[in-house]
Amino acid sequence: MLITEKQFQTLFPRAKNAKQWVNAMNELLPKYDITAGPRLWMFLAQCGHESGGFTAFQENFNYSRDGLLRVFPKYFTRLNVDQYARQPEKIANRVYANRMGNGDEASGDGWKYRGAGIIQITGRQNMETFFKAFYPQTWQTCTPAMLLDPYTGIAAACWFWQTRNLNRVSDREDVEAATRLINGGTNGLDDRKNRYVAAKKLLSA
């Protein structure tokens, strides 16, 4: 067993369905060679950050006017921002249009395939690639909502982990390198480092 329910609850006290998360991890992580030690610590730290401590499993997009101008200056200017502020679905459809396998803004793909799961799988192409890999017989009936389920959520995170070769940087205990592979930058680096230290301390005891 990689992690117990009590250990999980210690690391993520606000998380619900602890038993389901733990059962999924203990079953699935070994299949992706995410083993006890640095690989497990990194997985818990990074997924813990991305999901707000296993409490948030879908991208929100409820941005204010100023938030849009600051976070997405490529897509919003003072000329159009008022049409989108505090309208999450419209924002996602604009930001994620015509990329990651999504259709145009009117298609609704941006909202449908917004980040989901504990490591925020994003975009139609990425989701379909995962579903084809994990549910090869039934992938065409799979929906983004399935990523909110603990078992499929852990499976998707493991798949993402493997595709980014995150075990390699985890073995070096390089939290910043892992963060860049997941996030494309260093957003939330301090929190990720703190979560890594906490997981290491608890699971090394």
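# Salt bridges, pockets and ring contacts

Arg94 and Glu105 are joined by a salt bridge whose closest N and O atoms are 3.4 Å apart (a side-chain nitrogen of Lys or Arg within 4 Å of a carboxyl oxygen of Asp or Glu). This pair links distant parts of the chain, eleven residues apart, with Arg94 in helix 5 and Glu105 in the loop between helix 5 and helix 6 (109–112); helices here are DSSP runs of H or I with at least four residues, numbered from the N terminus. The model is predicted, so local features need pLDDT of at least 70 and side-chain atom pairs count only at pLDDT 80 or more, while totals for chains, interfaces and linings use all residues. Residues are numbered from 1 along each chain as its sequence is written, and side-chain values use heavy atoms, with hydrogens and water left out.

**Salt bridges**

- The count of salt bridges comes to twelve.
- Arg94, at 25% relative accessibility, is partly exposed, and Glu105, at 29%, is partly exposed as well (buried is under 20% relative accessible area, exposed over 50%, and partly exposed in between, with a 1.4 Å probe and protein chains only).
- Asp82 and Arg65 meet through their side chains in a salt bridge with an N to O distance of 2.8 Å. The two are 17 residues apart and link distant parts of the chain, Arg65 lying in helix 4 (65–71) and Asp82 in the loop between helix 4 and helix 5 (88–95).
- Within that pair, Asp82 is exposed, because its relative accessible area is 53%, whereas Arg65 counts as partly exposed at 29% relative accessibility.
- Asp109 forms a salt bridge with Arg124, the closest N and O atoms being 3.6 Å apart. Here Asp109 in helix 6 is linked to Arg124 in helix 7 (residues 124–134), a separation of 15 residues along the chain.
- Asp109 is buried, with a relative accessible area of 9%, while its partner Arg124 is partly exposed, with 31%. Elsewhere, Asp33, Arg39 and Asp171 are joined into one network by salt bridges that share partners.

**Pockets**

- The largest pocket holds about 600 Å³ of space. A pocket is an open set of points, on a 1 Å grid over the protein atoms alone, where a 1.4 Å probe fits, with protein on both sides within 12 Å along at least five of seven lines, and lining residues have an atom within 4 Å of a point; its volume is the space filled by probe spheres set on the points.
- The largest pocket is lined by 22 residues, of which Glu50, Glu59, Gln120, Ile182 and Asn183 are the closest to its centre.
- At least two residues of this lining come from each of helix 3 (38–50), helix 8 (150–163) and helix 10 (175–183).
- By residue class, the lining of the largest pocket divides into eight nonpolar, nine polar and five charged residues (Ala, Val, Leu, Ile, Met, Phe, Trp, Tyr, Cys and Pro count as nonpolar, Asp, Glu, Lys and Arg as charged, and the others as polar).
- The second largest pocket has a volume of about 170 Å³, and the residues that line it include Glu50, Glu59, Phe61, Tyr63, Phe72 and Gln120. Its lining divides into five nonpolar, four polar and two charged residues.

**Aromatic rings**

- The whole structure contains 18 aromatic pairs (rings of Phe, Tyr and Trp, the last by its six-membered ring, with centres within 6.5 Å; planes under 30 degrees apart are stacked, over 60 edge-to-face, and the rest tilted).
- Phe8 and Phe12 make a tilted pair, because their ring planes stand at 55 degrees, with the centres 5.1 Å apart.
- Phe12 also pairs with Phe54 in a tilted arrangement, 4.6 Å centre to centre and 55 degrees between the planes. This contact spans 42 residues of the chain, from Phe12 in the loop between helix 1 (5–11) and helix 2 (18–28) to Phe54 in the loop between helix 3 and helix 4.
- Phe12 is buried at a relative accessible area of 5%, and Phe54 is buried at 1%.
- A cluster linked by ring pairs takes in Phe61, Tyr63, Phe72, Phe76, Tyr84 and Tyr96.
- Lys90 lies over the face of Tyr84, at 4.9 Å from the ring centre, and Arg114 lies over the face of Trp111, at 3.5 Å (NZ of Lys or CZ of Arg within 6 Å of the ring centre and within 35 degrees of the ring normal).

**Backbone**

- Met100, which is not a glycine, has a positive phi of about 55 degrees; Met100 is found in the loop between helix 5 and helix 6 and is partly exposed at 24% relative accessibility.
- Asn165 likewise has a positive phi, near 55 degrees, and its place is in the loop between helix 8 and helix 9 (166–171), where Asn165 counts as partly exposed at 39% relative accessibility.
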